[in-house]
Amino acid sequence: MNNSSNHRLKKTLINLVIWAIILLPCLTFSQEKQKENEKKTKLKNPPKITEEILVVAEAPRDLPISTVTRLGHTKIEHMKPLDLSEAIRYAPGVMVTFGEKSTYTLKLRGMDSKRIALLIDGIPVYEPYYSTFDLKTISTYGIDSLQLTKGPSSVLYGPNTLGGIVNVITRRPSVKPTLSLHTSYGEKNTCSLGLNSAFQLKRLAFVGNLLYQDSDGSYFPDPHKGNRIERSNTEYERFNLNTKIYYDPSSSTEILFNGGIYKSNYSMPPQLDVYKPRYWRFKNWDRYTLNAGGYTALGEKSTLRFRGYFVQYDNTLDQFEDPKMTKRSFESTFDNSVLGLFSLADLATSSSNSLKFSINYKKDVARTQDDVGESWDKYNQATFSVGIEDHISFFKKWKLVVGLSYDYLSKFIGKNASKVNPLIGLKYSPLEYIALHLSFSKKSKFPSMRSMYSSSSGNPDLLSESGSNCELGFTYNKIFFLTGSIFMTSFKDMIDSLRLPEYDFRRIYFNIAEAYINGFELQFQKAFPWLSTTINYTFLDHKNKSDDRPLDALPRHSLNFDCTIYPSQRFRIVIMGLAASSSSWLDYQSNELLDIHSYFNLDTIISFQFKRTELFIKITNIFDHYIYSEPGFPWRGRYIELGIKANILK
């Protein structure tokens, strides 16, 4: 693999250099033009934002009636992450975990990725057959901010937001052209190479970023002997390209064209300490994205956003009989796609009232083949949603939000489903830097195509999961930043699988469970000239009421923090920590609860900047602890990465 990796790396380097040569003259020419127009630009209307469905303000008085955490570009840049799993794990109420199929998944306040909407610039990202997403497929190279919405979120995003919303906002073009290169190297020939560029030319603007990653694998610490063990089947290769083109026909309108490519191939490490481990490899896991839309002002204070999108998934999964992956058992192929559109109107009916309307439509198509030469199975379903919210301000310090959505699922087989979900929230801001809110919502989660149509385990008569969220929260932002909330979440008709004798002990999906997750979370932030720190704490009280047991892999107590120290203007030290109490996991084969030990993880990034170049060293899992969030899938041991970032134009 080393020779082929080196060949691919050289080829990628050549392509990046060609990119730089092509773009540099354009950027240099554009820079002079931008200097002439910079003063004019500042006098124009506030920047248009096509990417965000709802623009979230930062002042406490202007925040929504739910808990929203925003991670800005500077904070993300300091972490030196290469994918979303590394950037988001230090946010409050967040738990990143991985296990079977080496998928990096997310839990918000204990609710997993199947109940969370992941958006990139407003476009939903999920594999349509399984209805899940993988955080490692989202590059952080080119991200401007991350927005995490928990609790009673807006009804304007459509269905399947019971657990929350993660909105990834990529960078927009700046007034001045930019061009930067990024590269890093770590053990087992783990390397990355990235390019980021942006420029404007009259009414046109361009943003593009590219990231290539390659690795021969990783190590994990032996929990008994203390030595390091090579983790089998952990090699990977990833390529991520994203481009955006903007056109401004007028000062109040923006048109956006966006295209993205994610290509990868990787092996999946087998679960440790099991009788019959699985040896899997995706020889390709590819995603192609194309969307277009825009923003336009409807008068002085009203706006309209709209977007159409198409996402294609081409994935091929091989299973082998031996650890060295020489004898293949079968090859499953997935040819899946999502076609959708949405629009959002924000109408200011008066200085104290605004109405928001949304329309969302998605059509999911899945074509699956269990093995080479076998027949193809084809499934499809469509989701339609309309939402309305009324935002009413009164007595200057009070705000009332009332919303309602109608969500409809057109099934491939079985009875169609529909849900009506309400939202109500009250906000009180006695001062500009203090806000309190009380909110309640009901949400629904439609079953995935796999749970309904799979030939081996599907049940087309599945009902939609439903849940309710109630939250009492506060925000203070003056001398320091402090925010917190008490939340209660209950859901029923949870979808899970069982082995029953009447089905020959095959695993079949049913609506069998009721559960609740209650708790509270706190976030504290304080910045000094030489130091800035953030501390997040989350407490969860949870239970699967149907089985009378805790929910899987959810610690009651979790704490994470990051601290940035500035010894000098050019020198920076970032320290980040994760800690969680013990939890449990139900082993369906033995029907026993397995213990997941408490853990503590510490990472650090040390960087030095001179002129337009930054050198950094990143060390993760400093103490080389044996840590896992799912039994049999340990985290990577201590890992040291060296990197450099060069801002050619800034």
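**Entry 1: Arg328 and Glu331**

I began with the exposure of Arg328, which counts as partly exposed at 41% relative accessibility. The model is a predicted one, and I read every value below in that light. Arg328 forms a salt bridge with Glu331, and the closest N and O atoms of the pair are 2.9 Å apart. I then looked up the partner: Glu331 counts as buried, because its relative accessibility is 8%, under the 20% limit.

**Entry 2: Confidence**

I checked pLDDT before going further. The protein averages a pLDDT of 88, and 90% of the residues score at least 70. Two stretches called for caution. Over residues 1–6 pLDDT stays under 50, and the model has eleven contacts beyond four places in sequence for them. Over residues 16–46 pLDDT also stays under 50, with 30 contacts beyond four places in sequence.

**Entry 3: Salt bridges across the chain**

I searched the whole structure for salt bridges and found 32. I examined Asp83 and Arg238, whose closest N and O atoms are 3.8 Å apart in a salt bridge. This pair links distant parts of the chain: Asp83 sits in the loop between helix H2 (73–79) and helix H3 (84–88), Arg238 in strand E13 (residues 236–250), and 155 residues separate them. Are these two residues buried or exposed? Asp83 is buried at a relative accessible area of 6%, and Arg238 is buried at 9%.

I turned next to Glu521 and Arg109, whose side chains meet in a salt bridge at 3.1 Å, N to O. Glu521 lies in strand E25 (residues 507–527) and Arg109 in the loop between strand E3 (104–108) and strand E4 (116–120), so the pair ties together parts that are 412 residues apart in sequence. Glu521 is buried, with a relative accessible area of 4%. Arg109 also counts as buried, at 4% relative accessibility.

I also noted a network of salt bridges that links Glu51, Asp121, Arg172, Lys244 and Glu254. As background, side chains of opposite charge can pair when their charged atoms come close.

**Entry 4: The five-stranded open sheet**

I traced an open sheet of five strands in the order E1-E6-E7-E4-E5, with mixed pairing. Which strands form the edges? They are strand E1 (67–72) and strand E5 (123–124), each of which pairs on one side only. E4 and E5 pair in the antiparallel sense over two bridges. In this pairing I located Ile120 opposite Ile123 in E5.

**Entry 5: Strands E20, E21 and E22**

I followed the pairing of strand E20 (residues 398–410) with strand E21 (residues 417–431), which is antiparallel and runs over twelve bridges. I looked up Leu409 and found that its bridge partner in E21 is Ala417. The hairpin of E20 and E21 has six residues between the strands, and Gly414 in this hairpin takes a positive phi near 95°.

E21 also pairs with strand E22 (residues 434–445), again in the antiparallel sense, over seven bridges. The hairpin that joins E21 to E22 passes through two residues. Gly425 stands opposite Ser439 in E22.

**Entry 6: A nonpolar surface patch**

I listed the residues of a nonpolar surface patch of about 730 Å²: Leu341, Phe357, Ile359, Tyr361, Phe384, Ile388, Leu404, Tyr406 and Val420. Which strands each supply at least two of its residues? They are strand E18 (353–369), strand E19 (377–394) and E20. The largest share, three residues, comes from E18.

I took Leu341 as one of the patch residues to look up individually. Leu341 lies in strand E17 (residues 328–350). It counts as partly exposed at 43% relative accessibility, and this value admits the residue to a patch because the limit there is over 30%.

**Entry 7: Thr333**

My last residue was Thr333, which also lies in strand E17. Thr333 is buried, with a relative accessible area of 16%. I asked which residues Thr333 is in contact with, leaving aside its neighbours within four places in sequence. The contacts are Asn315, Thr316, Arg367, Thr368, Gln369 and Trp376.

Notes. Residues numbered from 1 in each chain as written. Predicted model: local features only at pLDDT ≥ 70, side-chain atom pairs only at ≥ 80, totals over all residues. Heavy atoms only, no water. Pairing = 2+ DSSP bridges. Helix = DSSP H or I, 4+ residues; strand = E, 2+ residues; numbered from the N terminus. Salt bridge = Lys/Arg side-chain N within 4 Å of Asp/Glu carboxyl O. Buried < 20%, exposed > 50% of the residue type's maximum accessible area, 1.4 Å probe, protein only. Patch = residues over 30% accessible without salt bridge, like charges linked within 9 Å, V, L, I, M, F, W, Y side chains within 5 Å. Areas by Shrake-Rupley, 256 points an atom, 1.4 Å probe, with all protein chains shown as cover. pLDDT = per-residue confidence, 0-100. Contact = heavy atoms within 4.5 Å.
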